[in-house]
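Student: I would like a close look at one part of this protein. Take me through its pairing first, then outward to the rest of the chain.

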Amino acid sequence: TCSRNRNENLIKALPSWLACPEVSEVIIVDWTSEQPVHADLEAAGINDPRIRVLRVESEPRWILSLPFNLGFQQARFDKILKADADIVLDPAFFRRNVLRPGEFVAGNWRKASADQAHVNGFFYVWRDVMETIAGFNEYITTYGWDDDELYARLQEQGLSRTDVARGTILHLHHDDEARTEKAPPPEGAPAAQTL
């Protein structure tokens, strides 16, 4: 996962990940958060040897592909579960979402309830396949479509997409300003102001 000033949701979600014995490591890329992730984890009493916090300094803005690709490069095990800092895992997640050869598991906004549409960016995939496709497309520097573009490239590699089992992940609500790091544009604003 990655965080930039979203430590509050990370602290709510992280215990659900650590409760799963199938999780061998949790890589958290701290993308220039004003309050460092490690300090907030320490204050919350979250201390687990599986947690690795990678702090990146002086990044002027959030570009999803960059911190996640850094995290993917640091992964040491054969599977990668990519979760935003606001995703809670159900204890039955790994039992109900078995990753089989030739497939990946992903959230699907088309099948999620309206309040869970942001689960689309969640996925579970083989690490060697992520290496083959080189992670997220770093030419996508604005909010959105990075996950669907990555899924298309996974499918071009011959993998089948399986929707995440209903009820095994939960997106914690927060406003769009927290997601995109800025206030939404005024009504009727030109498209350039949305970037």
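Student: How many bridges join strand 1 to strand 2, and do these strands run parallel or antiparallel?

Tutor: Two bridges join them, and the strands run parallel. Strand 1 covers residues 2-3. Strands here are DSSP runs of E, at least two residues long; helices are runs of H or I, at least four long; both are numbered from the N terminus. Two strands pair if DSSP finds at least two bridges between them.

A word on the source. This is a predicted model, in which local features need pLDDT of at least 70, side-chain atom pairs count only at pLDDT 80 or more, and totals for chains, interfaces and linings use all residues. Residues are numbered from 1 along each chain as its sequence is written, and side-chain values use heavy atoms, with hydrogens and water left out.

Now the bridges themselves. Cys-2 has Val-29 of strand 2 as its bridge partner. Ser-3 has Asp-30. The sheet is open, has three strands in the order 1-2-3, and its pairing is parallel. Strand 1 and strand 3 (51-56) are the edges, and each of them pairs on one side only.

Strand 2 spans residues 26-31. Six of its six residues are buried (under 20% relative accessible area; exposed is over 50%, partly exposed in between; 1.4 Å probe, protein chains only). So strand 2 is largely enclosed by the rest of the structure. Look along the strand. Val-26, Ile-28 and Asp-30 point one way. Ile-27, Val-29 and Trp-31 point the other way. Both sets are buried. Asp-30, the partner of Ser-3, is thus named in the first set, and Val-29, the partner of Cys-2, in the second.

Next, what follows each strand. After strand 1 comes a loop that leads to helix 1 (7-18), and Arg-4 lies in it. Arg-4 is buried, at 11% relative accessible area. Leu-64 is 60 residues away from Arg-4 in sequence, yet their C-alpha atoms are 10.0 Å apart.

After strand 2 comes the loop to helix 2 (37-43), which holds Thr-32. Its phi is positive, about 60°, although Thr-32 is not a glycine. Most residues other than glycine have a negative phi. Thr-32 counts as buried, with 16% relative accessibility.

Ala-134 makes a useful counterpart. Its phi is also positive, near 65°, and it is not a glycine either. Ala-134 sits in the loop between helix 5 and helix 6. But Ala-134 is exposed, with a relative accessible area of 55%.

Helix 6 (residues 146-156) has buried residues of its own: Asp-146, Asp-147, Asp-148, Leu-150, Tyr-151, Arg-153 and Leu-154. Their cover includes strand 6 (103-106), strand 7 (123-126), helix 5 (127-133) and strand 8 (160-163). Gly-158 follows helix 6, with a positive phi near 95°.

One more buried site is Phe-93. It is found in helix 4 (residues 93-96). Its relative accessible area is 0%. Beyond four places in sequence, Phe-93 touches Leu-81, Phe-122, Tyr-124, Val-164, Thr-168 and Ile-169 (contact means heavy atoms within 4.5 Å). Phe-93 and Arg-166 are 73 residues apart in sequence, and 9.7 Å apart from C-alpha to C-alpha.

Step back to the whole chain. The protein has seven helices and nine strands. Of its 195 residues, 49% are buried. Among contacts with a separation of 6 or more, 76% link residues 24 or more positions apart.

Last, confidence. The mean pLDDT (the predictor's confidence in each residue, from 0 to 100) is 88, and 85% of residues reach 70 or more. Residues 176-180 fall below 50, and this stretch has 12 contacts in the model beyond near neighbours in sequence. Over residues 182-195, pLDDT stays under 50 as well. There the model has 10 contacts beyond four places in sequence.
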